[in-house]
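Thanks for making time this morning. I would like to walk you through one structure, starting from the chain itself and finishing at the ligand.

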Amino acid sequence: MCGIVGYIGHRDAYPVIIKGLERLEYRGYDSAGIALYDGNTVNLCKTKGKVEDLKKKSKLEISLNGNLGIGHTRWATHGVPNDINSHPHYSNSGDLVIIHNGIIENYESIKKELIKRGYTFESDTDTEVLVNLIEEVKSKENVMLGQAVQIALNEVVGAYAIAVFDKNKPDEIVVAKLGSPLAIGIGENEFFIASDASPFIEFTNNAVYLEDEEMAIVRLGKEIKLRKIKNDAVAYPNILELQMNIEEIEKGGFDHFMLKEIYEQPRAILDTYRGRLLAEQGIVKMAGIDQHLDKFLNANRIIIVACGTSWHAGLVAEYIFENLTRIPVEVEYASEFRYRNPVINKDDVVIAISQSGETADTLAAIKLAKENGAFVFGVCNVVGSSIARETHAGAYTHAGPEIGVASTKAFTTQITVLTLLALNLAKEKELFTDVQFREYLTELETIPAKVEKALESNSLIEIISDVYKDSTNCLYLGRGYNFPVALEGALKLKEISYIHAEGYPAAEMKHGPIALIDEQMPVFVIATNKGHYEKVVSNIQEIKSRKGKIIAIVTEGDEQVKELADHCIEIPETFESLTPLLTTIPLQLLSYHIAVMRNCNVDQPRNLAKSVTVE
Ligand code: M6R
């Protein structure tokens, strides 16, 4: 789970690579490195720490010249984060230089063989083994770099996106991919290589995404040709014209990406249903599902697979689907599903939810479902991502790039897409009258403005955050559609402020967690006026009588909970099934402000990375 960047062309490679690494830091940030080649000398600098540390160190220690360069930002898998284990890595001769995102699983046996042949290793990484394997093949077989890479990769087991160059070939970089993402940006006699398009989007909109088991020799003055690593078949690449723009991936005046992304939600939700929700005509149009309606309508059940926040969106979808469509739904952690020999068959529809579209566990769950004959539908944010390509069909969320490690707009846009999907099916199954259907669509259309309204509580939330910022434990409670929101609220707080937090269905509290409640325990309760309001009010009374502190998310105009709670945050009224799109907003803001007040690195919390491309 690392970020890789490469450049070859007429520009200075250094600023392109450094800026690109900054944009990819969401993929890992425990160490960083860069190698620049000016045709004579390779200048390599690497360090434990962030790209900022690399910038300082490289300016002091190396020449920054060169029109060819590769860079890496790391999330350690093999070997602790330190200077030596950071990428790029040299081969023993010093001729080859490599960066790698992924894991070579059989690196130990390859390393033993290479040691027998006289190779030595400085680092503990699998990547240094790979570059020396390429070198060994190159000299033993007397082949060029591209061929050596291909032969070597046929010997390795694992996942990789690599970029490697040879000092003796200053006009080319060889790239290859299996399991980890790799894009090539194509400019005017220049090429960019990156884990996603953000490092090169200001230079070119034209990009090629490598498929698994593909490689390319990126050579100045030549067109890109793709080659299959296994069988050498050559393919002309599918050059995509990307829509992303540079403003979307900058902070735009906000202190953190997370805050920017929280505030982008009205626009992101609107973009997600734009063109799909046609309230006046009383229809939902989703190109991704139109040809596959039968699969859904005849499904035995829907199985949702996802991880983290996307799994929480899946739980909300379970309530929505079962209520609106009466199709049974199961929601599974992808990481458990893939290893527990689940019963899947051809009448099951599997929905895989993933912001990044690169989560390794979700990808593996998809492959398993496909092997067992299920129809797999993807809900992803990143266009052209591995999951988007691996699924039979799908619908994108149109949230725009999500850079903050804590998922925010991904969650609300995933719920939006899944709601549209459920509505579409309910209409087909004639479970709605036309009037009810139109009412629902019209209400969904009001959500962006209502999210905007919910965001107006920001100053109040900042004050409440100050009161609870030093807590060591917090409880989050919700019922029905808002039980998953309680889980999501707790996850947000845990991951960015390092406060222990747990989400519970409010009624389960009496089966255990109630023992935790005393005057030190803040309890965040979602108590909107729809659904099980009276029951939640009883739960609040139980907390109050044990002296717990109550912070309640209530519907505008609420009076009953206001009497009981220590603090209330209002959200606008909406249909019960749409409340998660609003109740989640104050919880996102709370965790954001608490993390800032605790001086935590909001966008890059410790030990985490944005996309988890390893098991
Ligand atoms: O890219 P994905 O949606 O597949 O990612 C899944 C999780 O890794 C992700 O939601 C993670 O839990 C976030 N850090 C939560 O904020």
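Before I point at anything, one convention: when I speak of helices and strands, I mean DSSP runs, with helices taken as H or I of at least four residues and strands as E of at least two, numbered from the N terminus. Please also keep in mind that this is a predicted model.

Let me begin with two places in the backbone. In the loop between strand 4 (68–74) and strand 5 (89–90) we find Pro88, and the peptide bond that leads from His87 into Pro88 is cis, with omega near 0 degrees. The second place is Glu213, which sits in the loop between strand 11 (206–209) and strand 12 (214–219), and which has a positive phi, near 65 degrees, although the residue is not a glycine. I mention both because most residues other than glycine have a negative phi, and most peptide bonds are trans.

Turning to the overall layout, the domain assignment divides the protein chain into domain 1 (3–248), domain 2 (251–445) and domain 3 (456–615). The C-alpha centres of domain 1 and domain 3 are 43 Å apart, and yet the two do meet, with 10 residues of domain 1 in contact with 11 residues of domain 3. Between them, domain 1 and domain 3 bury about 900 Å², of which 51% is on carbon and sulfur atoms. On the domain 1 side, the residues that lose the most area to domain 3 are Tyr26, Tyr29 and Trp75, which together make up 55% of what that side buries.

Now to the ligand, and where does it lie with respect to the domains? It lies between domain 2 (251–445) and domain 3 (456–615), because both of them give residues to the shell around it. That shell holds 15 residues, among which Ser310, Ser354, Ser356, Thr359 and Glu495 come nearest, and by class it comprises five nonpolar, eight polar and two charged residues.

As for individual polar contacts with the backbone, an oxygen atom of the ligand is 3.0 Å from a polar backbone atom of Thr309, a nitrogen atom of the ligand is 3.1 Å from one of Val405, and a backbone N or O atom of Ser407 is 2.8 Å from a ligand oxygen. Taken alone, the ligand would expose 410 Å², and the protein buries 92% of that. The elements giving two or more residues to the shell are helix 10 (308–325) and helix 17 (483–497).

Notes
Residues numbered from 1 in each chain as written. Predicted model: local features only at pLDDT ≥ 70, side-chain atom pairs only at ≥ 80, totals over all residues. Heavy atoms only, no water. Near = heavy atom within 4 Å. Polar contact = N/O pair within 3.5 Å; in protein donor to acceptor, adjacent residues only side chain to side chain. Areas by Shrake-Rupley, 256 points an atom, 1.4 Å probe, with all protein chains shown as cover. Nonpolar A, V, L, I, M, F, W, Y, C, P; charged D, E, K, R; others polar. Domains from an automatic or database assignment. Contact = heavy atoms within 4.5 Å. Buried area = accessible area lost by both parts, 1.4 Å probe.
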